[in-house]
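This report covers selected features of a two-chain structure. The sequence and coordinates come first, followed by notes under short headings.

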Amino acid sequence: METIRYRQQALRDLQEETWLADVKTFAERMVLARRYLALVEKLDFDLHKKGWLLEAALMYCEAVEGLNHALGAAPLHSRGFLALREYVASYARSQVFKSLYEEARKVKAGLAVLKYSIIIQAGRFSVRKYDGETDYSVEVEKTFEKFKQGAVKDYRVEIYEGSGMNHIEAKILEFVARLYPEPFAALDRFCERHPAFIDETIRAFDREVQFYVAYLEYLDSLKHKGLPFCFPEVGASREVFARETFDLALAGSFSFSSKPVICNDFELREPERVIVETGPNQGGKTTFARAFGQVHFLASLGLLVPGRKARLFLFDRMFTHFEREEDIRNLSGKLQDDLLRIHAILNSATSRSILVMNEIFSSTTLKDALFLSREIMTRLLALDALGVWVTFIDEMASFSEKTVSMVSTVSPENSAERTFRIIRKPADGLAYALSLAEKHRLTYEHIKERIQP
Amino acid sequence: MKVLLLHPDRNFDPKAPLPPNQDTLVQDLELETLFQAMARGDKFLYQTARQALLSSLGDPTEIRYRQAILQDCLEHPEVVREIYQIPIEAIQRKQRHWMGIFSHYPSGILSSSVQLLEMFLDLLRHLKQVADEQVGQFRSAGFRRFFEMILRELDDAYFVEVENHLRELRFRNGVLLSARLGRGNEGQDYLLCKPNQPNGHWAKRIFSKQSPVYSFNIHPRDDHGARALGELRDRGLNLVANAVAQSADHIDSFISTLRQELAFYVGALNLAESLSALEMPLCLPEAFQTSERKHAFEGLYDIALALTMQKSVVGNQANADDKDLVIVTGANQGGKSTFLRSIGQAQAMMQCGLFVGAESFSANLASGLFTHYKREEDSSMKSGKLDEELARMSEIISQLRPDALVLFNESFAATNEREGAEIARQVVNALLERRIKVFFVTHQYELARGYHTQGSARHLFLRAERQPDGNRTFKLREGEPLPTSFGEDVYQKIFKPGMD
């Protein structure tokens, strides 16, 4: 509970857009700094390695300084970020950091101003100081400018700017260092003094904040669909509910299509424990079951959950049983396999667990399935755990006062059209059967019509 | 440097959108015959002729600009054809020597561009020579500006400058690059530099300068090193290769524009020669603003008919100045359709700056030229004939603006005369009120008589002539509509040959 509240607070802080953007910038810089450091390990030439170590230090310093500045400006309330603000401020003021940053900048400035000339002849090259020669392409352009007729093709070749250095370039660099010994000596001194510079706390923050940032970015990519998210109330109450929730994974796969993501509500009131879903296939039952599991799981991580408002149960473990492809290595058969898995689940589950059961026993006869379902449901209810139970057996919907029936619905105008809305109502096997019959032209009138006397 | 031989202020746009009714115009006005005569089998001339004829100019001064250039062309056809050969030569040399910028490496791009430039330089010298000889002979503003531009921009000093560049770009003394250290001490911003000491062996002199110079010889068997050095060289040449290649492209497009714009005049010369061979007259028309109402001509004939028959044909004269509506009635096969076609052709030709098939011709410009002809049959059979005609009419209406010119040929005759006339009357009245000029060829006495009895001074009635013996002169005269179209004459001619 404490952790959840801590994380929810931190996430609430991160919902402030400028601050989130600043955190992202920090994270990106840290990624680069780490990448440069990794590069140093792989490179062959000394001056090249030192050059990248310097880049890594500069990038790291920029990241820290940017973070310190952003922390000062952001309206923070969470304990986590307030503590971070204090820490980073004192680190950024420390002598260790200040000397690192100043020195890195000075060395970089000394190298950046160097300009040199290369003379390339057949099988040979020379390097010397640059002597103020002018850009020849400008002159060529000037000569032919009078013919300019409008837009023409760009003939510049995309040159691969990889971080590599062959022995020719290394030799050139070596010559440049000989031409300008002082800035390179400064680089040497810098590298000796600062072989490692990343602060452990900064490193840890960088690692942890990635999780929040990635999650918020994912939610952000769904915002244009108008999908709601909220901080749920998380606790021991079994009277859970969520308004306008949805399957986050499905929404993600729809984010580039124009398909709408259908939102649904669910609610359990005392003494209800298990939602039993029935209704037409492809009607969104599995999606709904997944959403039920997801909101609880995400809430337990202290995250925002899909939905306008939610009260969710703090569970100890979550169990899911989704139908699996038959495994030919498992000779015991699918039914036995199903039962083994369910047995394991029921043995481990407690009254504080959540179970999501999707279309179990679909491989057996209706009679067997009904019998087995009843047995399992009785045990499940005895556990007093919460759960969703997706089934094609309508009888299960009215099993006891502890079960709630929810039904996937079809459009009133066209029974073959799914609405993907799952609503709380008694299972209505007849309507479903009729609509299928209609679709297959098997109603009374149809059959009379098709079989002419 | 701009060619500007078709527009005083811009290049000709060979891809400018053409009016939506272009195909109908070509069909109804028999423009295909004109295009062919201008092209003489040359695809490029054909496309240019088609594009120019179908995209009209909107302003009399622009038209006069082209007419003056056309006049120069008609007076110096051999010079114009000689200049036209220059871009043709460029294309042929490119093909013959596989020239072009195909490489994906800066050094390859650079060397093929230098080669192209050398070839273009040769042709530009020829162009300059023609300009030198002819600058005094041409009178039009367009040609004078063109020649003077060539002489001014391509003087001898310029040719020397370009030759120097082309020599320099072969890098006999090696390539001089400047560079800086980028991230990780990697070289960046490689730039080709112009040596401070022009000409001669700058490389040697550089080595004698104050700054120490460090040199490295790549081992002859170090292929990797040689390749790396080549890549470095390519990096340095990237920008200059781009500059040279783009320069080559610019000259190429200048030469192509020259070809494009002269193609129109070469086509006009071809057409003029064909018509002179048939002893048919040509004149440069006088164009008036769209707001005016002018239409006066003598000896106006159907160019397509003359070219197809390969003989001289009859022309018409009329004065329809200050008229909004011209109704043409009269004998079958009396030349009504031919006349209407000649009106349309003359308008299209005048509006692109061409001459016109007439002894004299003046008219106001139109904001758009439209034809609505009775179709012989509805090949698709999707809709009834009147339905189809009305659909086409509706399309025209959606494109019409005031001051357009609409030519009707036997329109709305696919129903009984009263209904057809009623539709036609409603259409024509609306058009006239919207300041649209209408030529209407019709058999429908109802329609023609209706307008005639109005006695408006803004209407003109022309009648296909019929001599008392029933023979046709194919000439139109001013005259009131008559209740019969002399179909009987035609019938007689076919069923009782030799009776008269």
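## A helix pair in chain B

In this predicted model, α6(B) and α7(B) are oblique to each other, because their crossing angle of roughly 120° falls in none of the ranges set for roughly parallel, roughly antiparallel or roughly perpendicular pairs. The two axes come within 9 Å, and α7(B) spans residues 141–153. The crossing of α6(B) past α7(B) is left-handed.

On the α6(B) side, the contact is made by L127(B), K128(B), A131(B), D132(B) and Q134(B). F147(B), I150(B) and L151(B) make it from α7(B). By class, these residues divide into five nonpolar, one polar and two charged.

## The interface between the chains

Between the two chains, 62 residues of chain B are in contact with 58 residues of chain A. On the chain B side, two or more residues each come from α6 (106–134), α8 (156–168), β1 (175–181), β2 (187–194), α9 (202–207), β3 (214–217) and α10 (223–277). The greatest contribution is that of α10(B), with 23 residues. The chain B side of the interface has 34 nonpolar, 19 polar and nine charged residues.

## A sheet built from both chains

Six strands make up an open sheet with antiparallel pairing, in the order β3(A)-β2(B)-β1(B)-β1(A)-β2(A)-β3(B). β3(A) and β3(B) stand at the edges, each with a single partner strand, so one side of each has no neighbour in the sheet.

At one of the links between chains, β3(A), residues 134–135, is joined to β2(B) by two bridges, and the strands run antiparallel. There, D135(A) has C193(B) as its bridge partner. Within chain A, six bridges join β1(A), residues 115–121, to β2(A), residues 124–129, again antiparallel. In this pair, I119(A) is partnered with S126(A).

A helix of chain A covers strands from both chains: α7(A), residues 167–179, lies across β1 and β2 of chain A and across β1, β2 and β3 of chain B. Its direction is at about 30° to β2(A).

## An exposed residue in α14(B)

E433(B) is found in α14(B), the helix of residues 417–433. This residue counts as exposed because it has 10 C-beta neighbours inside 10 Å, where the cut-off for exposed is 12 or fewer. E433(B) and P402(B) are 31 residues apart in sequence, and their C-alpha atoms are 9.2 Å apart in space.

Methods. Residues numbered from 1 in each chain as written. Chains lettered and ligands numbered in written order. Predicted model: local features only at pLDDT ≥ 70, side-chain atom pairs only at ≥ 80, totals over all residues. Contact = placed C-beta atoms within 7 Å. Helix = DSSP H or I, 4+ residues; strand = E, 2+ residues; numbered from the N terminus. Nonpolar A, V, L, I, M, F, W, Y, C, P; charged D, E, K, R; others polar. Pairing = 2+ DSSP bridges. Axes fitted to C-alpha atoms, helices over the stretch in contact; angles between N-to-C directions. Buried ≥ 20, exposed ≤ 12 C-beta atoms within 10 Å, placed from the backbone. Parallel < 35°, antiparallel > 145°, perpendicular 65-115°, else oblique. Left-handed = near helix turned anticlockwise from the far one by under 90°.
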